[in-house]
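Subject: Structure for your review

Dear colleague,

Please find below the structure that I agreed to pass on to you. My notes on it follow, and I would be grateful if you read them with the structure open beside you.

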Amino acid sequence: MHRPQKLPDIVESIYDAGLDPSLWNNVVAGIRDFVGGQACGLFSKDSISKCGVTHYYCGADPHFIQLYSDTHSKFDPLTVLPPQGKVVSVPDLVDFEEYRKGRFYQEWLQPQGCSDAANVVLEMSNASCPVMMTVLSGRRMVDRGMKHRLSLLVPHASRALLINRATSAQLTLATALGDVLDNLTAGIFLLDAFCRLVHANSAGHALLAADDVVRSVAGQLVTCSTEANRTLRDALAGRRDGALLAASGHAVPLLSPTGERYVAHLLPLSSLLRNSSERVVDAAGALLVRKVSLDGRFCGELIARTFDLTPAELRVFLSIVEVGGVPETAAALGIAETTVKTHLHRVFAKTGVGRQADLVKLAAGFANPLVH
């Protein structure tokens, strides 16, 4: 047995495990030595099925850990759990003489050279599957001193497990949101009050790498549009909800130097705007940049069905979005400019917009946002 740690040291190690769960194996070893037992484990037990799973342990043969999970968790003395935080030994739970004749003692505890155990419920966020700690005492019975030493650690271990749960939930949420963002075709850029880049999704990094429609200059996001840059600066500079909400209502068309069309939207991050912190790492808004691309047959058909466009009108609509103005569309489709204008006026009437730039914005709304 290792030389026991002092109480402040073991408490510190418990809170370290609250931030880094991989440290729990070392912590349970420290708890075993501090309490004065032979083995220690952190486990959970389903109150209905009575199945138990040991999460971290020390001083026990893995064979017996597996045996407990497979079979003997159903026969242990913890049939009725003690109140949370109360340290109890086996005689506190069951008649000890009868217990020694049972399968748990005969097949699991005694073969390990143990006769008693100190048990405590640490955490009950999930009432049907509480997290507990047990310290096997070896040949001697659990005495008052062992119970007292373990009780000194119980509130700290309970808090550390709650920290684990909260941190795990946040990491799970962050991972899920990150996966969602990375599966969008739109480039998403989180920006601070000075247009500095806080985070970008996979599509955003691809746009930055292309160094075409957007780029990072000394950490600041800059688009290919002077108008868009001015809008971003004005909306983000004051970190005011009103300015950002006003900007979020407008789509900004972007035309890259290579002639590709994009649409940008600025969204406020209200939850962060309510934070009075002036840290420059806080994201004040999210810029969504999406390429206008209607090559997919589904998008064209969907637009035609939505606005009741004829095939000729749809061809003009798509050409205006992809190619450009009336002369370019006439040349691309091989028709007269007057014909293009006729179809374009009908498209304007059916879609309810009045400018070619608005058609670009409208078209962007029909693009599939998922990576494909």
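**Salt bridges and charged residues**

D211 is partly exposed, with a relative accessible area of 39%. Please keep in mind that this is a predicted model. D211 forms a salt bridge with R215, and the closest N and O atoms of the pair are 3.1 Å apart. The partner, R215, also counts as partly exposed, at 36% relative accessibility.

This pair is one of 11 salt bridges in the structure. Another joins the side chains of E123 and R165, with an N to O distance of 2.9 Å. Which parts of the chain does this pair tie together? E123 lies in strand β4 (residues 117–123) and R165 in helix α7, so the salt bridge links parts that are 42 residues apart in sequence. E123 is buried, at a relative accessible area of 4%, whereas R165 is partly exposed, at 39%.

A further salt bridge is found between R196 and D192, whose side chains meet at 3.0 Å, N to O. Here R196 is partly exposed, with 32% relative accessibility, while D192 is buried, with a relative accessible area of 2%.

Some charged residues form a patch instead. On the surface, D9, E12, D16 and D20 gather in a patch of negative charge. D9 belongs to helix α1, which covers residues 7–19, and D9 is partly exposed at 38% relative accessibility.

**Cysteines**

How many disulfides does the structure hold? The number is zero. C129 shows why a bond is absent at its position: the closest cysteine sulfur, in C51, is 9.6 Å from the sulfur of C129, which is too far for a bond. For a disulfide, the two sulfur atoms would have to be within 2.5 Å. C129 counts as partly exposed, at 23% relative accessibility. C114, by contrast, is buried, with a relative accessible area of 0%.

**A contact across the chain**

Finally, please look at G145, which is placed in helix α7 (residues 144–182). This is the helix that also holds R165, described above. G145 is partly exposed, its relative accessible area being 29%. Although G145 and G36 are 109 residues apart along the chain, their C-alpha atoms are separated by 9.1 Å.

With kind regards

Notes. Residues numbered from 1 in each chain as written. Predicted model: local features only at pLDDT ≥ 70, side-chain atom pairs only at ≥ 80, totals over all residues. Heavy atoms only, no water. Buried < 20%, exposed > 50% of the residue type's maximum accessible area, 1.4 Å probe, protein only. Patch = residues over 30% accessible without salt bridge, like charges linked within 9 Å, V, L, I, M, F, W, Y side chains within 5 Å. Areas by Shrake-Rupley, 256 points an atom, 1.4 Å probe, with all protein chains shown as cover. Salt bridge = Lys/Arg side-chain N within 4 Å of Asp/Glu carboxyl O. Lys, Arg positive; Asp, Glu negative; His and termini not counted. Charge placed at Lys NZ, Arg CZ, Asp CG, Glu CD. Helix = DSSP H or I, 4+ residues; strand = E, 2+ residues; numbered from the N terminus.
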